[in-house]
Amino acid sequence: MIAWLMIAQAIVIAVLGAAVAIAGVAKVRMNDLVLGAAALTMLSLVVQVVASIVAPLVGAGPTGDLLEYWVYLISALLIPPAATIWAFADKGRWGVLVVGVGLLAVAVMVYRMHQIWFVQVL
């Protein structure tokens with residue numbers, strides 16, 4: 001796994017989530033920028049999946065529990081699509097706020113995945 005990639009992902013996703021959440025509080029309706037933030041988050045998580053498969057094969061396995069890591073990663077993959085579906089159902093400010101909070105949750109999960117991969121020692 002690539003440490004700087006995980007930290008960069010967590011920061012970028014947190015900034016996107018905060019911006020979308022602020023837009024929701026400001027009563028901005030569902031738009032392409034909100035969908036773009038969710039899509040960018042999904043793209044970064046797909047990169048994370050590929051790196052998570054390749055890293056142990058080349059000898060860079062996690063220091064923490066691999067099952068816990070994958071549960072976090074799969075759960076993080078489910079949040080942006082679920083929040084986006086909710087936002088399509090409620091195209092007002094609350095749908096946008098749900099996407100923002102979902103992206104903030106994913107940012108925290110990515111940071112936790114970083115801790116599991118690099119920090120924990122069995």
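Helices are DSSP runs of H or I with at least four residues, and they are numbered from the N terminus. This is a predicted model, where local features need pLDDT of at least 70, side-chain atom pairs count only at pLDDT 80 or more, and totals for chains, interfaces and linings use all residues. Residues are numbered from 1 along each chain as its sequence is written, and side-chain values use heavy atoms, with hydrogens and water left out.

**Exercise 1. Place K27 and describe it.**

Step 1. Find the element. K27 sits in the loop between helix 1 (3-25) and helix 2.

Step 2. Check the backbone. The phi of K27 is near 65°, a positive value in a residue other than glycine.

Step 3. Classify the exposure. Buried means under 20% relative accessible area, exposed over 50%, and partly exposed in between (1.4 Å probe, protein chains only). K27 has 56% relative accessibility, so K27 counts as exposed.

**Exercise 2. Describe the salt bridge.**

Step 1. Apply the rule. A salt bridge needs a side-chain nitrogen of Lys or Arg within 4 Å of a carboxyl oxygen of Asp or Glu.

Step 2. Count. The structure holds 1 salt bridge.

Step 3. Name the partners. R112 and E68 meet through their side chains at 3.2 Å, N to O. The pair links distant parts of the chain: R112 is in helix 4 (residues 93-119), E68 is in helix 3 (residues 66-89), and they are 44 residues apart.

Step 4. Classify both ends. R112 is partly exposed at 21% relative accessibility. E68 is partly exposed as well, at 26%.

**Exercise 3. Follow the contacts of Y69.**

Step 1. Start with exposure. Y69 has a relative accessible area of 0%, so Y69 is buried.

Step 2. Look for a polar contact (a pair of N or O atoms within 3.5 Å; within protein, one must be able to donate a hydrogen and the other to accept it, and residues adjacent in sequence count only if both atoms are side-chain atoms). The side chains of Q48 and Y69 are joined by one of 3.1 Å. Q48 lies in helix 2 and is buried, at 0% relative accessibility.

Step 3. Turn to the rings. Rings of Phe, Tyr and Trp (its six-membered ring) pair if their centres lie within 6.5 Å; planes under 30 degrees apart are stacked, over 60 edge-to-face, and the rest tilted. The count comes to 2 aromatic pairs. Y69 and W70 form an edge-to-face pair, with 6.1 Å centre to centre and 90° between the planes.

Step 4. Widen the view. Y69, W70 and W117 make one aromatic cluster. W70 is partly exposed, at 23% relative accessibility.

Definitions and conventions: Helix = DSSP H or I, 4+ residues; strand = E, 2+ residues; numbered from the N terminus.
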